[in-house]
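This report describes a single protein chain and the ligand bound in its model. It begins with one residue and then moves to the fold, the sheets, the ligand shell and the backbone details.

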Amino acid sequence: MDARVSARIQNVFDEPGCEHNQQKGEREKKKGCARQLSPGAAAGGCAFDGAMIALQPIVDVAHLVHGPIPCAGHSWDNRNSASSGAKLYRTGFTTDIGELDVIYGGEKRLFRAIREIIEKYDPPAVFVYQTCVTALIGDDIEAVCERASERFGKPVIPVNVPGFVGPKNLGNKLGAEALLDYVVGREEPELTTPCDINLIGDYNVCGEQWQIKPLLEALGIRVLASFSGDARYRDIASSHRARAAMLLCSKSMINVARKMEERWGIPFFEGSFYGISDTSKSLRDLARLLVARGAPADLVPRTEALIGVEEARAHARLAAWRGRLSGRKALLITGGVKSWSVVSALQEAGLEVVGTSVKKSTPEDKERIREIMGEDAHMIENMKPREMHAMLSEARADIMLSGGRTQFVALKAKMPWLDINQERHYAYAGYEGIVSLVREIDKTINNPVWAAVRMAAPWDDPEEMAGEGE
Ligand code: SF4
């Protein structure tokens with residue numbers, strides 16, 4: 001493996017901001033947190049895929065995949081991240097290397113591809129992604145990017161995270177490292193305010209950021225940069241001038257939050273915008289942090305006033321569904337921050353959470369689940385599809401909320417299922433999002449299709465068949 005890549009991996013494996021990581025011994029740290037796969041289990045994305053997930057939501061740059069075309073296809077658009085303007089991130093660029101490039105090397109082809117993109121699209125920057133094949137044949141993308149950057153006078157950013165270095169989550173962090181190494185701090189913002197913040201680990205899935213921004217704007221809080229949902233290159237390049245940061249998904253980008261605190265003194269806290277109480281808590285924490293950093297002191301009472309109005313409005317809107325959903329049981333199969341933040345959102349909607357998966361959760365996530373659900377919280381470490389099916393078909397849960405991969409377990413049990421992961425089509429953040437979530441749960445649970453699919457087929461019904469014969 002390239003020495004620079006392995007040094008970066010070891011750097012990411014030592015994360016002072018992660019309690020779990022700090023409890024490990026030196027030898028254990030070197031192995032990272034990836035678990036050995038069980039035979040037959042789906043492997044998930046590769047590190048390159050993780051880097052693309054972390055960076056592709058930067059909407060105005062060209063994302064060029066240096067490798068065979070399937071790598072670009074494999075990682076394409078898998079976060080449903082929305083843009084409020086620029087659309088270049090929706091164009092797939094790849095060097096599409098073939099056999100001759102494998103024999104003679106793909107660096108010239110890469111250089112030509114960068115030139116073609118700059119001439120045709122003139123983006124503020126080009127991000128170049130390394131993949132397994134081009135890493136194995138020894139293409140030095142860092143050198144090519146440096147040369148192209150000098151030649152064309154544009155930032156050309158190497159993202160040297162070939163798939164074989166590890167799993168998707170490691171790739172998220174290594175991709176974010178490219179921003180720290182080559183982007184953050186390279187430009188200055190046109191203006192700064194005492195209420196400038198960075199959102200870290202937010203991917204604007206289905207436009208969730210737009211459910212939060214109006215609240216922040218009402219308080220005079222400006223999102224200087226988002227890492228990386230609906231982000232622009234120049235915002236990230238000047239994000240070192242933010243006064244505070246909120247970390248929304250610690251699993252994917254804790255290294256960014258921690259290093260920006262070390263390098264530029266930007267304090268951060270981890271919060272969530274799922275559910276009424278977590279949204280209010282995050283707004284409160286943000287206001288306090290900004291005031292401590294020099295924002296006007298009236299930000300705190302103004303935040304309380306906004307929370308009062310928004311909470312009352314959200315509760316009034318949710319009341320319409322309470323009778324239809326109260327006491328219904330939900331099984332939650334997701335991971336990380338959503339394993340606790342969606343629990344509280346569901347409880348606020350009147351649902352009983354009969355279990356939440358913690359396979360991809362950190363010890364801090366588990367602690368928060370205990371705080372929300374009590375000591376008897378049913379935390380599921382690794383539920384097999386057979387057990388999920390039994391739980392649903394025996395009606396110990398009325399609905400399963402999970403990612404697309406497990407949907408067929410619920411559908412086979414003829415039970416309602418709702419997509420809660422990144423492939424979903426609805427935004428669930430903030431006071432607006434909880435109403436959408438409850439509306440979707442109601443539409444799913446109370447859909448008449450379930451009664452129809454559970455009815456016996458005519459050929460299985462003896463009375464119906466007897467009538468046929470007359
Ligand atoms: S594992 Fe390697 S070859 Fe496969 S998609 Fe990832 S980068 Fe491409």
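## A helical residue and its exposure

In this predicted model, R370 belongs to helix α17, which covers residues 363–373. R370 has 13 C-beta neighbours inside 10 Å and therefore counts as partly exposed. Between the C-alpha atoms of R370 and E217 there is a separation of 33 Å, the two residues being 153 positions apart along the chain.

## Overall fold

The protein contains 22 helices and 13 strands. Its radius of gyration is 24 Å, close to the 23 Å that the globule rule gives for 470 residues, so the protein is as compact as a globular protein of that length. The C-alpha trace extends over about 80 × 65 × 50 Å along its principal axes.

Of the 470 residues, 46% count as buried. Among the contacts with a separation of 6 or more, 73% are made by residues 24 or more positions apart.

## The four-strand sheet

One open sheet is built from four strands in the order β2-β1-β3-β4, with parallel pairing. Strands β2 (93–94) and β4 (156–159) stand at its edges, and because each has a single partner strand, one side of each is left without a neighbour in the sheet. Strand β1 (residues 62–66) runs parallel to β3 (residues 126–130) and is joined to it by five bridges; within this pairing, L64 has V128 as its bridge partner, and V65 has Y129. On the β4 side, β3 pairs in the parallel sense over four bridges, with Y129 standing opposite V159.

Five of the five residues of β3 are buried, so this strand is largely enclosed by the rest of the structure. In a regular strand the side chains alternate between the two faces of the sheet. In β3, V126, V128 and Q130 point one way while F127 and Y129 point the other way, and all are buried. Helix α7 (residues 107–121) lies across β1, β2, β3 and β4, and runs at about 160° to β1.

## The ligand shell

The residues surrounding the ligand are C46, F48, D49, G67, C71, H74, T131, C132, P162, G163 and F164. By class, this shell comprises six nonpolar, four polar and one charged residues. Helices α4 (47–55) and α5 (69–74) each supply at least two residues of the shell.

## The five-strand sheet

Another open sheet has five strands in the order β11-β10-β9-β12-β13, and its pairing is likewise parallel. Its edge strands are β11 (379–380) and β13 (417–419), each of which pairs on one side only. Strands β9 (residues 329–333) and β10 (residues 352–357) pair in the parallel sense over four bridges, and T356 in β10 is the bridge partner of L332.

## Helix α11 and its surroundings

In helix α11 (residues 209–218), the buried residues are Q209, Q211, I212, K213, L215 and L216. The elements that cover these buried residues include the strands β5 (196–202) and β6 (222–228), together with the helices α14 (276–292), α15 (299–325) and α20 (430–445). Just after α11, G220 adopts a positive phi of about 80°.

## Less common backbone geometry

Most residues other than glycine have a negative phi, and most peptide bonds are trans. Against that background, C206 has a positive phi of about 55° although it is not a glycine. C206 is found in the loop between β5 and α11, and with 22 C-beta neighbours inside 10 Å it counts as buried.

D230, also a residue other than glycine, has a positive phi near 55° and lies in the loop between β6 and α12 (233–237). Because D230 has 27 C-beta neighbours inside 10 Å, it counts as buried. A cis peptide bond joins F227 and S228, with omega at about 0°, and S228 itself is placed in strand β6.

Notes
Residues numbered from 1 in each chain as written. Predicted model: local features only at pLDDT ≥ 70, side-chain atom pairs only at ≥ 80, totals over all residues. Pairing = 2+ DSSP bridges. Contact = placed C-beta atoms within 7 Å. Axes fitted to C-alpha atoms, helices over the stretch in contact; angles between N-to-C directions. Near = placed C-beta within 6 Å. Nonpolar A, V, L, I, M, F, W, Y, C, P; charged D, E, K, R; others polar. Buried ≥ 20, exposed ≤ 12 C-beta atoms within 10 Å, placed from the backbone. Rg over C-alpha atoms; globule rule 2.2 N^0.38 Å.
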